[in-house]
Amino acid sequence: MSSSELRKDIVSGEWVVLAPGRAKRPDAFIKKIKRERVSKKDCPFEDPQTTNHGDPLLVYPKDALHSTSRLNKRDKWRIQIIRNKYPAFRHERKCIPAISRGPYEVMEGIGYHHLLLTRDHHRNYPRLSSSEAALVFLSFQEHYKDLARDKCVKYVSFFHNWGPKAGASVYHPHYQIMALPMIPPDVGRSLKGSQQYYNKHKKCVHCTILGWERKEKKRIIYETKNVIAFIPYISREPFEARIFPKKHSSYFEDASSKIVEEVSHALRLVLQRMERRLKDPDYNFFIHSAPTHRRDKFAHYHWHIEVLPKMSVYAGFELGTGIEVTVVDPDDAARLLKIKK
Ligand SMILES: [Zn+2]
Ligand SMILES: [Zn+2]
């Protein structure tokens with residue numbers, strides 16, 4: 001490859017620049033940053049019911065197989081979903097449509113903003129056991145179905161910020177759930193792109209991408225019968241990774257517990273690998289799924305998880321042009337992150 005290459009994303013239609021010459025080796029700019037272990041003292045999530053978070057919305061008591069919405073004082077818990085004390089979106093009894101203000105469209109922040117907590121203060125996602133990791137996604141799936149029943153909700157976003165550089169303000173591992181009254185722009189672009197591809201080729205764009213990655217083999221970092229993890233050919237950030245169920249499926253909420261378990265396990269392995277090979281970076285991960293409303297409209301979409309480690313980045317050009325510059329060749333990133341079985 002010459003010094004740089006422009007690649008166009010077939011889903012979003014956006015261009016990215018691959019300029020691996022700017023980093024001498026793929027690992028040249030991986031810097032070890034000391035992770036601060038914040039003590040349990042004053043942690044708001046050690047005992048959320050005594051720090052004004054109210055009763056849990058859903059809780060898995062320790063040793064229980066099923067969730068409940070009641071937690072007795074003496075009970076220990078494994079996972080609980082609570083209301084965010086400072087919500088970005090708030091529930092109202094009725095939907096409130098957008099209004100015009102001058103040339104602008106304005107909408108009230110109607111929806112839900114909840115948090116999913118895992119019990120152990122120091123064990124973040126890659127340190128959970130396989131069954132605990134699965135329970136994070138299974139309990140979210142259960143809660144998701146509740147939120148999706150609200151007619152005002154159009155999209156439910158699930159994401160995790162690990163570390164201050166990724167936007168986590170509390171150290172205790174927590175996962176955010178935001179139910180929104182509109183389809184967020186990134187998801188909207190992705191839905192539109194996959195719809196256009198489907199109209200033209202009568203095929204899911206993500207299935208096409210998975211097919212090509214499986215043929216090329218170079219960027220796959222983990223694969224089982226049902227799940228695949230790879231470094232995308234069009235990477236916006238160095239070392240970003242995606243995890244897909246192989247069988248076409250638009251809706252995360254429809255995934256069987258077996259698929260949810262396999263995907264959550266793959267995510268755990270990918271994050272363990274990133275921790276080791278990228279020197280413990282902060283990161284974000286999130287689910288992209290078809291919207292909760294108009295279920296007839298989005299069969300062309302394919303749900304998945306995206307993982308974005310926070311590596312050092314060059315801004316400026318990105319802000320001025322919307323073109324992301326990636327300094328690590330996805331093929332090299334995959335070699336570094338490949339999970340040995
Ligand atoms: Zn804590
Ligand atoms: Zn598909």
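Colleague: Are His 121 and His 172 buried or exposed?
Modeller: Keep in mind that this is a predicted model: local features need pLDDT of at least 70, side-chain atom pairs count only at pLDDT 80 or more, and totals for chains, interfaces and linings use all residues. Residues are numbered from 1 along each chain as its sequence is written, chains are lettered from A and ligands numbered from 1 in the order in which they are written, and side-chain values use heavy atoms, with hydrogens and water left out. The scale is relative accessible area with a 1.4 Å probe on protein chains only: buried is under 20%, exposed is over 50%, and partly exposed is in between. For His 121, and for His 172 too, the verdict is buried.

Colleague: Which residues are the protein donors of the zinc ion (ligand 1)?
Modeller: A donor here is an N, O or S atom within 2.8 Å of the metal (3.2 Å for Na, K and Ca), and since water is not among the atoms, sites may look incomplete. For this zinc ion, the protein donors lie 2.0 to 2.3 Å away. They are Cys 43 (SG), Glu 46 (OE), His 121 (ND1) and His 172 (ND1).

Colleague: How many residues apart are His 121 and His 172?
Modeller: Helices (H or I, at least four residues) and strands (E, at least two) are DSSP runs, numbered from the N terminus. His 121 sits in the loop between β7 (112–118) and α1 (130–148), and His 172 in the loop between β8 (155–162) and β9 (174–180). The pair links distant parts of the chain, and the separation is 51 residues.

Colleague: What is the geometry at the zinc ion (ligand 2)?
Modeller: Its donors are Cys 204 (SG), Cys 207 (SG), His 248 (ND1) and His 302 (ND1), at 2.0 to 2.3 Å. Four donors pass as tetrahedral if all angles lie between 85 and 135 degrees. The angles among these four donor atoms run from 104 to 117°, so by that cut-off the site is tetrahedral.

Colleague: What are the relative accessible areas of His 248 and His 302?
Modeller: His 248 lies in the loop between β12 (241–245) and α4 (257–277) and His 302 in the loop between β13 (283–288) and β14 (304–309), so they tie together parts that are 54 residues apart in sequence. His 248 is partly exposed, whereas His 302 is buried. The value for His 248 is 32%, and for His 302 it is 0%.

Colleague: Which strands stand at the edges of the three-stranded open sheet?
Modeller: Two strands pair if DSSP finds at least two bridges between them. The order is β1-β2-β15, with mixed pairing. Two of these strands have a single partner each, so one side of each lacks a neighbour in the sheet: β1 (5–8) and β15 (324–326).

Colleague: Which residue in β2 does Lys 8 stand opposite?
Modeller: β1 and β2 (residues 15–18) pair in the antiparallel sense over four bridges. In β2, Lys 8 faces Trp 15.

Colleague: How far apart are the end C-alpha atoms of helix α3?
Modeller: The expected span is 1.5 Å times one less than the number of residues. For the 12 residues of α3 (residues 205–216) that gives 16 Å. The model agrees, with the ends apart by 17 Å.

Colleague: Which residues of α3 are buried?
Modeller: An α-helix has 3.6 residues a turn, so residues three or four places apart point the same way. The buried ones in α3 are Val 205, His 206, Leu 210 and Glu 213.

Notes. Four donors count as tetrahedral if all angles lie between 85 and 135 degrees; four count as square planar and six as octahedral if opposite donors are over 155 degrees apart and all others between 65 and 115; anything else is irregular.
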